[in-house]
Amino acid sequence: MASKRRRPKDVTQLHGHHVVTGPELRATFAEDAQAHKGRFRRRLFHGIVLVLLVGVIAAGAVGAWAIMNGVVKVPSSIASKAPTSLCPTTTFDYVPNETVALNVFNATSRAGLASTVADQFTARGYKVASVDNSDTAYSGVGVVVSGVKGQAAAFNVQRNLAGTDYFEDNREDESVDVILTPGFEGLVEPQLVDQTPGTLQCPREDLRIADNSKWPIIPTLPADQ
């Protein structure tokens with residue numbers, strides 16, 4: 001009877017040394033391939049991050065150069081240099097002319113202008129206290145100046161002397177100063193005066209620019225005022 005041939009067992013030891021089997025070899029290759037893919041992904045990610053970082057640095061350098069050389073202007077930087085708006089935003093009713101205490105000053109080269117305009121205000125019921133000359137480099141139609149308590153009265157005056165610029169000072173009474181400047185042409189006709197509620201007008205507020213030296217000079221009143 002013929003004897004059955006036995007299949008040789010997998011040999012894992014040879015002369016006392018471990019013999020790598022096929023499954024072990026395949027597993028080793030599989031692990032190496034996986035590790036290679038992981039390293040490749042990490043290198044790719046690091047490469048992308050590096051490229052983006054270089055791009056951001058380059059863009060920042062170009063942007064800084066453009067701003068420093070005036071190629072690009074930053075509106076917020078220009079606006080931050082402008083003076084803070086000082087024009088009151090309160091809405092005032094038109095108070096009666098008879099309640100307004102007024103001082104009239106002539107800052108033009110026209111002799112007697114303050115007296116002439118003071119008489120016109122008096123004819124409308126205003127209480128004119130002082131009439132004098134004033135020194136100022138301020139241009140325009142005229143300037144109306146008062147303290148906080150006199151702002152309602154100043155609103156009244158601006159409605160009668162259209163186109164003036166309002167300024168607030170530290171006085172504590174309700175008096176109002178009118179400074180006539182070279183652009184003055186005349187008062188609004190009495191029948192045309194707008195007596196509806198409104199706000200004080202500061203036309204030069206819209207013309208403020210970054211260069212403060214070009215902001216109109218605030219009027220100077222006589223030394224005794």
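Start with the contacts across the whole chain of this predicted model: of those in the protein with a separation of 6 or more, 76% are between residues 24 or more positions apart. Colouring by secondary structure then brings up four helices and seven strands, which follow one another from the N terminus in the order β-β-α-α-β-α-β-β-α-β-β. If you switch on the surface, the protein exposes about 15,500 Å², with carbon and sulfur atoms supplying 59% of that area, while buried residues make up 30% of the 225 residues.

Next, select helix H3, residues 113–123, and show the side chains of its buried residues, which are Leu-113, Ala-114, Val-117, Ala-118 and Phe-121. These residues lie on the same side of H3, because they cover an arc of only 125 degrees around the axis. To see what they meet, add strand E3 (101–106), strand E4 (127–133), helix H4 (151–160) and strand E7 (176–180), against which the buried residues of H3 pack. Turning to the face of H3 that points away from its buried side, you will find the exposed residues Asp-119 and Ala-123. Just after H3, stop at Gly-125, whose phi is positive, at about 105 degrees.

Finally, move to helix H1, residues 22–68, and select Leu-52, which has its place there. Is Leu-52 buried or exposed? With a relative accessible area of 56%, Leu-52 is exposed, since the cut-off for that term is over 50%. Adding Phe-40, Leu-44 and Ile-48 to the selection completes a nonpolar surface patch of about 420 Å², which these residues make together with Leu-52.

Technical notes
Residues numbered from 1 in each chain as written. Predicted model: local features only at pLDDT ≥ 70, side-chain atom pairs only at ≥ 80, totals over all residues. Heavy atoms only, no water. Patch = residues over 30% accessible without salt bridge, like charges linked within 9 Å, V, L, I, M, F, W, Y side chains within 5 Å. Areas by Shrake-Rupley, 256 points an atom, 1.4 Å probe, with all protein chains shown as cover. Salt bridge = Lys/Arg side-chain N within 4 Å of Asp/Glu carboxyl O. Helix = DSSP H or I, 4+ residues; strand = E, 2+ residues; numbered from the N terminus. Buried < 20%, exposed > 50% of the residue type's maximum accessible area, 1.4 Å probe, protein only. Contact = heavy atoms within 4.5 Å. Arc of directions from axis to C-beta.
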